[in-house]
Every structure is written in structure tokens, then in C-alpha cells.
Amino acid sequence: MFAAAPSTIEYVKTGKLRGLAVTTTTRSEALADVPTMAEFLPGFEASSWFGVGAPKATPAEIVDKLNK
């Protein structure tokens, strides 16, 4: 299965889950021993990003906290 690193990294680091590869073009600093898929399948890349949205009138202190 492909899963986002933030939700699996602790499992990999503690040995409860074995990371086979990361899908980015370069190895992850957090999982330096886990190869990239491109090392097995040249040209392979799949990445994602996550964002947080807030209503227009959200107080600045809350926006600042979310940005941190």
C-alpha cells in the first residue's frame, strides 16, 4: 500500500512496519535507509501535499497558529 509518510514514519522507525520505498524522486531525510521507487523503476514519481483551509473571518492568531 502507498501511505503518507507522516502517518507511517513512526511504525517504520520502530520496526512495526517495513518501508519498501518512498515515491518521491529523492530519499526522505527521515527515512534515509528506505530507497526510492525510481531506484527500481526509473522515472517513477508520485508525490502529494496537504493543506489546511479556514474561513475568511478566522482570527489572525488562529491563522498564525495553523501556519506554525
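In this predicted model, the protein chain carries 7 positive and 7 negative charges, and the mean positions of the two sets sit 6 Å apart. As for the surface, the accessible area of the protein chain adds up to about 5900 Å². Carbon and sulfur atoms account for 58% of that area.

Turning to the fold, the protein chain has 2 helices and 0 strands. Its C-alpha atoms fit in a box of roughly 50 × 30 × 20 Å along the principal axes. The radius of gyration comes out at 16 Å, whereas a compact globule of 68 residues would be near 11 Å. Buried residues make up just 16% of the 68 residues in the chain. What about contacts between residues at least 6 apart in sequence? Of these, 5% link residues that are at least 24 apart.

Now for a closer look at one residue, Pro 35. Where does Pro 35 lie? It is found in the loop between α1, which covers residues 5–13, and α2, which covers 60–67. Is Pro 35 buried or exposed? Pro 35 counts as buried because its relative accessible area is 15%, and the cut-off for buried is under 20%. Setting aside neighbours within four places in sequence, Pro 35 touches Leu 20, Ala 21, Val 22, Arg 27 and Phe 40. As for Thr 24, it is 11 residues from Pro 35 along the chain, and the C-alpha atoms of the pair are 9.7 Å apart.

Definitions and conventions. Residues numbered from 1 in each chain as written. Predicted model: local features only at pLDDT ≥ 70, side-chain atom pairs only at ≥ 80, totals over all residues. Heavy atoms only, no water. Helix = DSSP H or I, 4+ residues; strand = E, 2+ residues; numbered from the N terminus. Rg over C-alpha atoms; globule rule 2.2 N^0.38 Å. Buried < 20%, exposed > 50% of the residue type's maximum accessible area, 1.4 Å probe, protein only. Contact = heavy atoms within 4.5 Å. Areas by Shrake-Rupley, 256 points an atom, 1.4 Å probe, with all protein chains shown as cover. Lys, Arg positive; Asp, Glu negative; His and termini not counted. Charge placed at Lys NZ, Arg CZ, Asp CG, Glu CD.
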